[in-house]
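Biologist: I am new to this structure and would like a close look at a single part. Please take me through it in short steps.

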Amino acid sequence: MQTLLTYGFLQRGLAAGVLIAVACAVLGLFLILRKDAMIGHGLAHISFAGVALGLFLRVLPLAAALVVAVAAAVAVMRLKDRAGLHGDTAIGIFSSLGLAVGVLLASLARSFNVELMSYLFGDILAIEPVEVVLTLVLAAAVLATVRLNYAKLQYMTFDRESARAAGVPVGRLDTLLMVLTAVTIVLGMKIAGILLVAALIVVPSAAGLQVAASFRGAVGASIAVAVLAVVGGLAVSIALNIPASAAIVILCFLAFAAASVVKRGRGIRPGPR
Amino acid sequence: MDLVVLRGVSFSYDGFPVLTGIDLVIKEGDFLAIIGPNGSGKTTLVKIILGLLTPTAGRVELLGAPPADLAERSRIGYVPQKATHIDPFFPASVEEVVGMALLAGRPRVAPGRDSRARVLRALEAVGMAEYSRWPIGRLSGGQQQRAFIARSLVTSPRILFLDEPTTGVDAETQTAFYDMLDRLNRRDKLTIVLITHDIGIVNKHVTSVACLNERLAYHGSHAEFCRSDVFRAMVERGDHVISHEH
């Protein structure tokens with residue numbers, strides 16, 4: 001294993017994967033508690049159109065997907081506010097459009113189906129150096145932004161009306177959270193794939209919520225599950241020669257199952273944990 | 001000093017008038033009850049004062065400024081209606097919930113030593129210090145309400161707004177809760193604005209009353225309210241009235 005870790009492609013995959021795992025776990029916690037867990041799926045579908053557009057125009061697919069996903073995230077928030085739609089309706093509209101545009105571009109070009117598959121199912125070991133740099137910079141920016149707004153996000157997630165009365169700009173932070181999620185989903189595509197990346201947002205945080213009694217505890221537990229799943233998934237994938245994305249998501253699920261068992265074992269009892 | 005001033009405030013939802021021509025002044029040290037039937041605009045009025053809703057007409061001043069321009073939001077305490085209808089599985093300790101108000105204006109993840117001391121003082125003020133590390137979802141409705149009052153007190157507000165704070169809380173807990181509000185008003189000189197349906201509470205605890213039913217039917221001292229036609233009409237209508245001697 002030590003020899004394996006000297007390989008550049010593995011180092012790149014690990015570095016990008018761990019940072020994305022942390023970002024997914026933190027954002028996922030807010031999204032689940034806001035009952036917006038499916039936003040990750042919607043934005044992943046939308047970013048499919050961005051990847052297809054990038055391949056069609058012969059520009060970096062990750063960059064094209066970033067532009068499309070962020071624009072769609074802002075558009076979803078606008079549609080939600082102006083048309084009075086629920087969040088899941090607005091995301092449903094845009095995610096269907098994203099898939100349709102992606103399928104259309106793929107059928108028009110015909111030549112990039114193999115490359116498109118690597119985005120659909122993920123290929124953490126095939127991350128290019130330029131993608132690693134982009135991932136490291138943007139994932140660090142996402143985490144720094146969350147840290148800066150952590151208390152406000154926590155307050156509005158727990159009690160939106162009191163947070164507004166306390167001067168928290170809930171509308172602006174809603175949009176910010178959507179944009180950060182869009183960026184993180186796009187960055188996570190190469191790791192878990194468009195079809196599975198939303199699992200990195202939902203499952204580690206869901207596992208963390210099973211065992212934590214405080215918000216800080218839930219953040220720590222979610223990050224631990226996500227990082228262990230990415231590192232463990234990568235190791236299992238190399239050892240058993242299976243797709244890394246599938247191994248990562250299955251490990252996430254196993255961690256969730258274990259956390260549920262731990263929770264059931266503790267039972268519901270009053271008092272601090 | 002006038003903490004809240006409303007002049008000719010009106011509000012309508014989709015053209016349907018909810019409040020019309022409200023003139024109201026809340027002075028420092030008041031313990032004001034806003035009473036009125038369901039749909040009379042009580043919650044809407046408080047949301048307008050806080051700047052959560054914009055009036056269709058009229059002028060509002062909160063601590064001397066329009067609510068939207070108020071820089072020091074921390075001087076306002078607010079416990080909304082159904083505050084206790086929280087997600088019971090939200091992973092937050094009582095301490096974290098109270099600290100949320102303190103950290104809302106700061107780029108910090110966790111409270112420092114000073115902030116933590118303030119959180120504990122606020123919890124002590126409402127008799128909840130021993131529950132500081134409990135998950136908020138595991139407290140009873142009355143205990144949660146106390147925790148939310150502590151959250152609204154932790155920033156040392158000048159005025160506290162409470163929207164039907166004891167709905168669904170048992171009688172014994174209600175008594176202890178309103179005794180605590182009495183202490184905060186009399187001992188700590190905290191101005192309190194309380195929305196309630198219960199005239200019994202009004203009779204026992206508050207110093208002034210605003211009776212609302214789209215328009216302001218009455219605003220004045222509690223003693224005068226008990227002699228007013230508005231109060232008589234409420235008694236005749238069979239509203240929840242408990243007589244208390246002062």
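What radius of gyration does chain A have, and how does that value stand against the one for a compact globule with 273 residues? Please start there, then go to the salt bridges.

Modeller: One caution before the numbers: this is a predicted model. The predictor gives the complex an ipTM of 0.84 and a pTM of 0.86.

Now to your question. Chain A has a radius of gyration of 19 Å. A compact globule with 273 residues would have a value near 19 Å, so the two agree. Along its principal axes, the C-alpha trace of chain A spans about 60 × 50 × 30 Å.

What is chain A built from? It has 11 helices and 0 strands. Along the sequence the pattern reads α-α-α-α-α-α-α-α-α-α-α. Of the 273 residues in chain A, 51% are buried. Now take the contacts in chain A between residues at least 6 apart in sequence: 74% of these join residues at least 24 apart. The area that chain A exposes is about 11700 Å². Carbon and sulfur atoms supply 68% of that area.

Next, the salt bridges. Over all chains, the structure holds 11 of them. One joins A:Asp174 to A:Arg34, with the closest N and O atoms 3.0 Å apart. This pair links distant parts of the chain, 140 residues apart. A:Asp174 sits in helix 8 (residues 170–192) of chain A. A:Arg34 sits in the loop between helix 1 (8–33) and helix 2 (39–57) of chain A. Are these two residues buried or exposed? A:Asp174 has 7% relative accessibility, so it counts as buried. A:Arg34 has a relative accessible area of 19%. The cut-off for buried is under 20%, so A:Arg34 is buried too.

Chain B offers a second case. There the side chains of B:Glu95 and B:Arg116 meet in a salt bridge, at 2.4 Å from N to O. B:Glu95 lies in helix 2 (residues 94–103) of chain B, and B:Arg116 lies in helix 3 (residues 113–125) of chain B. The pair therefore ties together parts that are 21 residues apart in sequence. B:Glu95 is buried, with a relative accessible area of 15%. B:Arg116, at 36% relative accessibility, counts as partly exposed.

A third salt bridge joins B:Arg187 and B:Asp188, where the closest N and O atoms are 3.1 Å apart. B:Arg187 counts as exposed, at 55% relative accessibility. B:Asp188 counts as partly exposed, at 39%. Back in chain A, salt bridges that share partners form one network. Its members are A:Arg34, A:Asp36, A:Arg160 and A:Asp174.

What about disulfides? A search of the whole structure finds 0 over all chains. A:Cys24 is in no disulfide. The nearest cysteine sulfur, that of A:Cys252, is 9.1 Å away. A disulfide needs sulfur atoms within 2.5 Å. A:Cys24 counts as buried, at 0% relative accessibility. In chain B, B:Cys211 also counts as buried, at 6%.

Last, confidence in chain B. Its pLDDT averages 85, and 90% of the residues score at least 70. Over residues 241–246 of chain B, the pLDDT is below 50. Beyond near neighbours in sequence, this stretch has 13 contacts in the model.

Technical notes: Residues numbered from 1 in each chain as written. Chains lettered and ligands numbered in written order. Predicted model: local features only at pLDDT ≥ 70, side-chain atom pairs only at ≥ 80, totals over all residues. Heavy atoms only, no water. Salt bridge = Lys/Arg side-chain N within 4 Å of Asp/Glu carboxyl O. Helix = DSSP H or I, 4+ residues; strand = E, 2+ residues; numbered from the N terminus. Buried < 20%, exposed > 50% of the residue type's maximum accessible area, 1.4 Å probe, protein only. pLDDT = per-residue confidence, 0-100. Contact = heavy atoms within 4.5 Å. Rg over C-alpha atoms; globule rule 2.2 N^0.38 Å. Areas by Shrake-Rupley, 256 points an atom, 1.4 Å probe, with all protein chains shown as cover.
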